[in-house]
Every structure is written in C-alpha cells, then in structure tokens.
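Grab a pencil and work through these exercises with the model open beside you. Each one sets a task and then solves it step by step.

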Amino acid sequence: MSIHVKIFNSHAVILINEGEQNMQWDKIDLASRMQNYIREHCMDEDFSMDALYASTGYSKRHACRIFKELLYKTPEEYVRAVQMTASAESLIKTDANILDIALDTDYESHEGYTRAFEKLFGTTPSCYRNGQTPIPLFIQYPIKHYYSYLRQKEKKQMENENNLNNETKASPSLCTVTVISKPARKLLVMYAKKAHDYFSFCEEVGCEWEGLFNSIPSRLETAALITLPPSLIPEGSTETAAGVELDADAVVKIPEGCSLIELPPCDYLYFQSPPYENEEDYCTAIELVFQASETYQPERFGYRYAPKLAPAFNFGADTRTGGCISLPVQKL
C-alpha cells in the first residue's frame with residue numbers, strides 16, 4: 001500500500017488510492033466533528049478535553065491520533081490556539097484588563113499569559129492592543145474544505161475525460177449583486193511567485209496570511225485572495241496574491257514578506273451566494289459566485305468589467321454567509 005503525505009495549511013494531507021478513500025473520509029469526518037465541537041464549545045466555562053473526546057464516540061487515543069494526523073496539531077494544541085486567538089480579539093474588541101482576559105483564557109497570572117501570547121504571536125498583549133501590529137491569528141479552517149476540493153477536482157477531471165461537462169454543470173442558484181463605490185485606500189499585500197489559485201497559494205506561502213491580515217483592527221474588509229491587474233504585478237510574481245484593504249491614512253507595521261500599496265477610487269460589483277449547510281459545499285459556494293459573475297451583464301446597468309483597473313477580491317465562503325467575490329467595474 002502506497003501512502004503519500006503532504007503538509008498543507010498545517011494539515012497533514014494524506015493522498016490515497018481509490019480503494020482507501022472511504023476509510024480516509026471516515027477519518028476526515030471524525031476530525032471535522034471534533035473541529036465543530038471545539039468551535040461551538042471551547043469558550044464555554046464547562047468545556048473540557050474529556051468532553052471533547054467523549055463526543056467523538058471513539059477512544060481518546062484514537063481520536064487524538066486521527067486529529068493530529070489530519071490537522072498536524074494535537075487537540076490540546078488546537079484548542080489552545082483557538083482560545084489564544086479569542087483572547088487576542090478580546091484585547092481589541094473589549095476594554096477588559098489583561099489580567100481578566102488571562103484568567104478567562106485559563107491562565108493563572110498576567111505574566112504567564114503574556115509569555116504564552118508573545119511565544120505564539122511574536123508580540124505582547126499590551127503591544128497588540130495599543131498598536132497596529134498584525135499577528136497570525138489562528139483560523140479554524142474546516143478540514144473538509146480541502147478534501148472536498150480534491151474530490152471535486154478529481155470529479156471534474158473524470159468528467160472532462162468522459163466529455164460530460166454539459167451534463168454535470170452545477171444547477172443555477174440565486175446570487176445577490178451589489179455595487180459598492182470604494183474611495184482611495186491602501187492594500188496590504190502578500191505576493192506569490194508560482195500560485196494561480198487559493199490552494200496553490202497556500203501550498204506556496206502557507207495560509208497564516210488570513211489570520212495575519214484579519215488581526216488588523218482598522219481593516220476595511222476581511223482578508224481575501226486577490227487577482228492583480230498587470231500594472232500591480234511585481235516582476236517575478238504571478239497575478240495571484242493575498243491581502244487586506246486599509247484606510248488611505250492607515251498606519252500599520254508591515255509584516256515580513258508583505259508590501260503596502262495605494263489603490264485609487266474604484267467601483268466594485270459584489271457577488272454573494274446564499275448560506276449553505278454542509279462544509280463539503282465550500283467549493284460549490286465559490287463556484288456559484290464565479291458562475292454568476294460570468295453570466296451577469298453589467299452593461300445593462302451602465303457598467304463594464306474593468307480587470308485592468310484594480311484588483312479583484314475572492315473572500316472565500318462560509319456556511320453562515322455563503323461565497324463572496326468583488327470585481328472592479330467602470331461606468332459606461
């Protein structure tokens with residue numbers, strides 16, 4: 001039996017042959033259920049690791065082994081990263097003193113919490129609260145997103161081989177379209193040298209960029225994957241990047257490997273798909289907004305697409321909000 005292991009987005013991705021796919025999906029389902037339990041309960045006062053393991057229906061040893069195999073962290077390490085990220089958000093969003101936040105994060109002292117915070121994020125809680133220093137917040141990427149992407153990619157390859165594209169296209173779904181006029185602003189951006197899509201970007205540079213950019217309190221939007229116009233692509237880079245928009249007068253410490261550029265005023269069309277229930281539909285939700293943008297006719301409403309004018313943004317998808325992209329347009 002041949003198994004190839006690949007590290008992606010802090011996940012140990014195991015690429016297996018067809019005969020083992022069902023067994024692998026059982027593992028993915030277990031890790032996904034543990035992720036969901038952590039997401040829903042890890043900030044509860046009565047949360048415990050024993051309760052997490054009990055919720056799986058498996059032994060602690062088995063659940064811990066599968067979780068670490070697929071997510072490259074033990075459940076304890078994962079929970080601590082989630083709790084520390086929640087504490088970092090409390091530093092920005094509340095006026096609670098640091099000691100109270102430390103106690104809420106299960107630390108017994110200000111000093112112990114500060115040491116752990118600095119070890120994880122590279123700066124102290126007080127510096128993060130008082131400054132504009134981006135830190136790599138931990139993002140709870142659902143494990144099923146990547147594996148669903150692999151399954152969908154394999155399915156499309158099979159469809160292409162069998163000339164079934166016209167018969168298996170996704171059913172149309174309602175998307176909302178909104179025009180947003182953006183003023184002059186700044187873009188904190190991380191470039192890629194080889195990547196041309198989200199997953200290849202994360203394979204190249206990791207996915208810590210999302211937590212890093214979303215940690216900036218003054219951001220105008222959530223972090224996004226970006227398609228750059230030719231005028232903004234540095235030599236040796238591709239059109240694919242990641243970044244976050246900031247106010248024109250924003251002052252922020254530029255993280256290593258990033259650049260801060262200025263963007264002129266521009267109109268955008270935002271395409272938003274409906275919420276969805278199953279994590280496996282992550283890729284489908286994103287496909288829906290791209291399909292909508294391809295069939296939409298902005299000329300009917302006095303606009304035209306302007307991909308050379310400004311970056312396009314892919315904000316990804318979430319079960320609660322659906323998929324979202326924004327594309328630059330010009331008035332006719």
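Buried means a relative accessible area under 20%, exposed means over 50%, and partly exposed sits in between. One more thing before you start: this is a predicted model.

**Exercise 1. Work out whether Glu245 is buried or exposed, and find its salt-bridge partners.**

Step 1. Check the accessibility. Glu245 has 2% relative accessibility, which is under the 20% cut-off, so Glu245 counts as buried.

Step 2. Look for Lys182. The side chains of Lys182 and Glu245 meet in a salt bridge, with N to O at 2.7 Å. Lys182 lies in strand β3 and Glu245 in strand β6, so this pair ties together parts that are 63 residues apart in sequence.

Step 3. Look for Arg185. Glu245 also forms a salt bridge with Arg185, and here the closest N and O atoms are 2.5 Å apart. Again the pair links distant parts of the chain, since Glu245 is in strand β6 and Arg185 is in strand β4, 60 residues apart.

Step 4. Check the burial of the partners. Arg185 is buried, as is Glu245. Lys182 is buried too, with a relative accessible area of 8%.

**Exercise 2. List what Lys182 touches, leaving out residues up to four places away in sequence.**

Step 1. Place the residue. You'll find Lys182 in strand β3, which covers residues 176-182.

Step 2. Collect the contacts. Lys182 touches Glu221, Glu245, Pro265, Cys266, Tyr268, Tyr270 and Phe313.

Step 3. Pick out Glu245 from that list. A polar contact of 2.7 Å joins its side chain to that of Lys182.

**Exercise 3. Compare that with a salt bridge inside one helix: take Glu69 and Arg65.**

Step 1. Find the pair. Both residues lie in helix α3 (residues 60-71), four residues apart, which is about one turn of the helix.

Step 2. Ask why that spacing works. An α-helix has 3.6 residues a turn, so residues three or four places apart point the same way.

Step 3. Read off the distance. The Glu69 and Arg65 side chains meet in a salt bridge at 3.8 Å, N to O.

Step 4. Sort the two by burial. Glu69 is buried, with a relative accessible area of 18%, whereas Arg65 is partly exposed at 46%.

Step 5. Zoom out. A search of the whole structure finds nine salt bridges, and Asp29, Arg33, Lys144 and Glu280 are linked in a network of them.

**Exercise 4. Test whether the length of helix α6 fits its residue count, then see what surrounds the helix.**

Step 1. Work out the expected span. The helix runs over residues 110-121, which makes twelve residues, and at 1.5 Å a residue they should span 16 Å.

Step 2. Compare with the model. The end C-alpha atoms of α6 are 16 Å apart, so the two agree.

Step 3. Name the buried residues. In α6 they are Gly112, Tyr113, Thr114, Ala116, Phe117 and Phe121.

Step 4. See what covers them. The cover includes α4 (75-93), α5 (98-104) and α7 (125-130).

Step 5. Step off the end. Gly122 follows α6 with a positive phi, near 85°.

**Exercise 5. Trace helix α9 from its start to just past its end.**

Step 1. Begin at the start of α9. A side-chain oxygen of Asp197 reaches to within 3.3 Å of the backbone nitrogen of Phe199.

Step 2. Find the buried residues. For α9 these are Tyr198, Phe199, Phe201 and Cys202. Seen down the helix axis, they fall within an arc of 155°, so they line one face of α9.

Step 3. Look just beyond. Right after α9, Gly206 takes a positive phi of about 85°.

**Exercise 6. Describe the largest nonpolar core and where its residues come from.**

Step 1. Find the best-connected members. The core has 29 residues, and those touching the most other members are Leu188, Tyr198, Phe201, Trp209, Phe213, Leu246 and Tyr282.

Step 2. Name the contributing elements. β4 (185-191), α9 (198-205), α10 (208-214), β6 (240-247) and α11 (282-295) each give two or more residues to this core.

Step 3. Follow one member. Leaving out residues up to four places away in sequence, Tyr198 touches Tyr141, Cys207, Trp209, Glu210, Leu225 and Tyr282.

Step 4. Look elsewhere. Apart from this core lies another, of 21 residues, among them Trp25, Ala31, Tyr53 and Val82.

Terms used: Residues numbered from 1 in each chain as written. Predicted model: local features only at pLDDT ≥ 70, side-chain atom pairs only at ≥ 80, totals over all residues. Heavy atoms only, no water. Core = buried A, V, L, I, M, F, W, Y, C linked by side-chain atoms within 4.5 Å. Buried < 20%, exposed > 50% of the residue type's maximum accessible area, 1.4 Å probe, protein only. Contact = heavy atoms within 4.5 Å. Polar contact = N/O pair within 3.5 Å; in protein donor to acceptor, adjacent residues only side chain to side chain. Expected span 1.5 Å × (residues − 1). Salt bridge = Lys/Arg side-chain N within 4 Å of Asp/Glu carboxyl O. Arc of directions from axis to C-beta.
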